[in-house]
Amino acid sequence: MMRTLLLTFAATLLCAGAYAADPELYCADLTYDGFTTRSYTFATRGDRTLVLEIDLPERGDAGGPRPFVVYVPGGSWRTCGIGAFRRQSAYLASQGIAGVRIVYSLVGDGADFSAGLEELQAARDLVAARAGELGLDTLRFGYVAASAGTPLAADEALSQAGCRFFVGYNGIYDLTRRIDGSRFPEEGTPYLAPFSDGELRDFSPVNRIGADPPAVALFHGRADRTISWKQSQLFCDAVRAADGRAEIVLYDDARHGFFNYGKSDYHEEVTRKTAAFIFSVLGE
């Protein structure tokens, strides 16, 4: 019943115009129960152990294995917390979509962008290996990522069979330039320093869009001075140019990280819109 309601909610939003705000739809409290969490080690780098947590809905999917979301946090490639997307994952898990929350190694670990891509793939390999026992559908999954995690997650989303969607918050999709005086990507950051401009162009998700890309939803604040909202607009336009589905939501007064719980009043709205988008894609 809840899934039917959410699908109807998603269709209402999309038919009325992408993500049209309706206060009546967003005033109810979100639910954060009805799931269990399992932890797995999926990689190591030096002395650091990389762990992922999987939030599994307690109720089964009558149609078979559950779809899932891989959550990739930000942190300027200098910090990275497995709890960053805990609330968003808990909400979607309560609605029947499993969540895989991961971390990756950082500048302080001696890592760079290619290492991050390898670690995201290692996480996916573990999920694929355990998909049967966990009841996960490897042909119905996608990524939700924030800030520094978005180029890593978008690259993976664009290259993996079965990936149906990508959702990015405050994202960066062209690694070769800063826009409108934004502070990120930082010049000389060790995470990007090993690579030539040509290699960074190849890493940039805006240049990696092929035929039939996954559906994309992007959220950004126009008041973001860390990463310009025009990064999201670039990616949205590029996906549309490839005849893909791409939606963008811009908030005039929102700064970097506005989607996080306690950061602004937008957390619940963005979480609900993300869920509506994902359910609409899975229902196609």
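## Exercises on a predicted model

S76 is found in the loop between strand 3 (66-72) and helix 3. The model is a predicted one, and the exercises below move from its loops to its sheet and then to its helix contacts.

**Exercise 1. Describe the backbone at S76 and at the peptide bond from F184 to P185.**

Solution. Begin with S76, whose phi is near 60°, a positive value in a residue other than glycine. Then turn to the peptide bond that leads from F184 to P185, which is cis, with omega near 5°. To place this bond in the chain, note that P185 belongs to the loop between strand 6 (163-169) and helix 6 (197-203).

**Exercise 2. Determine the strand order of the open sheet, and explain why one side of strand 1 and of strand 8 is left without a neighbour.**

Solution. Reading across the open sheet, its 8 strands follow the order 1-2-4-3-5-6-7-8, and the pairing is mixed. Strand 1 (35-45) and strand 8 stand at the edges, and because each has a single partner strand, one side of each lacks a neighbour in the sheet. From one strand to the next, the twist averages 15°.

**Exercise 3. Work out how strand 7 is joined to strand 8, and the handedness of the crossover between them.**

Solution. Strand 7 (residues 215-221) and strand 8 (residues 246-251) run parallel and are joined by 6 bridges. Within this pair, H220 of the one strand stands opposite L250 in strand 8. The chain passes from strand 7 through helix 7 (residues 229-241) to reach strand 8, and this β-α-β crossover is right-handed.

**Exercise 4. Characterise the pairing of strand 5 with strand 6, and locate helix 5 relative to the strands.**

Solution. Strand 5 (residues 136-146) pairs with strand 6 in the parallel sense, over 6 bridges, and Y143 stands opposite F166 in strand 6. Helix 5 (residues 149-159) lies across strand 3, strand 5 and strand 6, and runs at about 155° to strand 5.

**Exercise 5. Classify the packing of helix 4 against helix 5, and list the residues that make the contact.**

Solution. The axes of helix 4 (residues 113-134) and helix 5 come within 10 Å and cross at roughly 55°, and therefore helix 4 is oblique to helix 5. The crossing of these two helices is right-handed. On the side of helix 4 the contact is made by F113, G116, L117, L120 and Q121, and on the side of helix 5 by P151, L152, A153, D155 and E156. Sorted by class, the residues of this contact divide into 6 nonpolar, 2 polar and 2 charged.

**Exercise 6. Carry out the analysis for helix 3 and helix 8, giving the crossing angle, its handedness and the classes of the contact residues.**

Solution. Helix 3 (residues 86-94) and helix 8 (residues 267-282) have axes that come within 11 Å and cross at roughly 45°, so helix 3 is oblique to helix 8. This crossing of helix 3 and helix 8 is right-handed. Helix 3 contributes R87, Q88, Y91 and L92 to the contact, while helix 8 contributes H267, T271, R272, A275, I278 and F279. By class, the contact of helix 3 with helix 8 holds 5 nonpolar, 3 polar and 2 charged residues.

Note on methods
Residues numbered from 1 in each chain as written. Predicted model: local features only at pLDDT ≥ 70, side-chain atom pairs only at ≥ 80, totals over all residues. Heavy atoms only, no water. Pairing = 2+ DSSP bridges. Helix = DSSP H or I, 4+ residues; strand = E, 2+ residues; numbered from the N terminus. Right-handed = clockwise from strand over helix to strand, strands pointing away. Axes fitted to C-alpha atoms, helices over the stretch in contact; angles between N-to-C directions. Parallel < 35°, antiparallel > 145°, perpendicular 65-115°, else oblique. Left-handed = near helix turned anticlockwise from the far one by under 90°. Contact = heavy atoms within 4.5 Å. Nonpolar A, V, L, I, M, F, W, Y, C, P; charged D, E, K, R; others polar.
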